[in-house]
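Dear colleague,

I am passing the structure below on to you, as you have not worked with it before. Please look through it first, and then read my notes underneath.

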Amino acid sequence: MMRMRALERNGIETVGFNARKFLENQSLFDRHVLARIAPHRAIGKMNEELLQAAREVRPDLVWFDKQEFVSAETLAAIKELGARLAYYTPDPYFTVTWKQTTASRDAMPLFDILVTAKAYELKHFEQVGGKVIYMPLGYCDEVHRPIKSVASAQTIDVSFIGGWEPRREEFMEAISGSGLGAYIWGYGWDHLIDGRWSIRRHLRLQRLAPNEPHRIRVSKQLSTRIYPGEIYDEAYARALSQSRISLGLLRTTWPDQHTTRTFEIPACGSLLLADRTDEHRELFEAGKEAEFFSSVEELVDKARFLTDNPDTRDRMAQAGRARCIASGYSYLERFKAILPEIRG
């Protein structure tokens, strides 16, 4: 929706198609196992309605945002109507096999344009064919902004919004153990609240951390600091607006050097404290617009310093937001830069 709005605001007439609704009533097994092996009824229905919509609208371009289940046959039929096809994913595709489906692998060569946010996958996309465009991640200026009306704004010392991983667990426990108020929103953290083992939790953690040791247990440091489940849009911006410092913890399972949090955190007026990477250091000036760390010890030291020095912290947070605006990190500006290539 955020990228659709960016296209609209750049003067592109758009008609949306909600593919997600076809999977909402499917079981977890159907959505994450069967659907990745072979199409089932809901996916067939989605393809039928998508093709029908294309026949009615007759679009010049169809933008597929994180497409996983659109079939090669459907794409071929849409192309016969005269439409160009653009594929986009904000996630790694080739690096993480469970992101792939039978449908997506078959459909990939049919796209005219392939847009990726992962510089390390550019060569993979170039081997597929079509025009390959690199568009870094960004933020939606209509959603990700400081929410000053929040009654409890700026009351959280340190927050992290994102999925569980062993390294992230270690870092958040260290922050909490240092005496700072550390809070978490995100997927996959609930096992640290009650410590109950289940097959579902076991399989989920195996997928999130396939090569790292981990265990289901109660975390005394974090059990009362976790808000399980994912949050989006206004609730997400509200949580960041409440946080004096927000962490940009990358994953260890793939080689990201920046994520959407990289931009959404400063856009919401919170101070970005993130993993030290080349891309992060290019996007924000260390010590002025954001802060970076390379170890758990450095993370805790900087979180403590920034908490104890609110004037420095707030000045850096304001500079980080200003950099987002001046450097055009919003999706509105990202699309403005690539529209000439998309239009051909």
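The notes below cover a sheet and then an annotated span.

Please keep in mind throughout that this is a predicted model. The sheet is an open one of 4 strands, which follow the order β1-β2-β3-β4 with parallel pairing. At its edges stand β1 (61-65) and β4 (131-134), and because each has a single partner strand, one side of each is left without a neighbour in the sheet. From one strand to the next, the twist averages 20°.

Starting from the edge strand β1, its parallel pairing with β2 runs over 5 bridges, and leucine 61 is found opposite arginine 84 in β2. Between these two strands the chain passes through helix α4 (residues 72-80), in a β-α-β crossover that is right-handed.

Strand β2 (residues 84-89) also pairs in the parallel sense with strand β3 (residues 113-116), here over 4 bridges. Within this pairing, tyrosine 87 has leucine 114 of β3 as its bridge partner, while threonine 89 is partnered by threonine 116. To get from β2 to β3 the chain goes by way of helix α5 (residues 102-107), and this β-α-β crossover is right-handed. As for exposure, β2 is mostly covered, with 5 of its 6 residues buried.

Turning to the annotation, an unreviewed UniProt entry assigns residues 168-339 to the domain "Spore protein YkvP/CgeB glycosyl transferase-like". In the model, this span is 50% helix and 13% strand, and its end C-alpha atoms lie 36 Å apart.

With best wishes

Key
Residues are numbered from 1 along each chain as its sequence is written. This is a predicted model: local features need pLDDT of at least 70, side-chain atom pairs count only at pLDDT 80 or more; totals for chains, interfaces and linings use all residues. Side-chain values use heavy atoms; hydrogens and water are left out. UniProt positions are given in the numbering used here, feature names are shortened, and annotations may be inferred rather than shown by experiment. Two strands pair if DSSP finds at least two bridges between them. Axes are lines fitted to C-alpha atoms, for helices over the stretch in contact, and angles run from 0 to 180 degrees between N-to-C directions. Buried means under 20% relative accessible area, exposed over 50%, partly exposed in between (1.4 Å probe, protein chains only). A crossover is right-handed if, with the strands pointing away from the viewer, the path from the first strand over the helix to the second runs clockwise.
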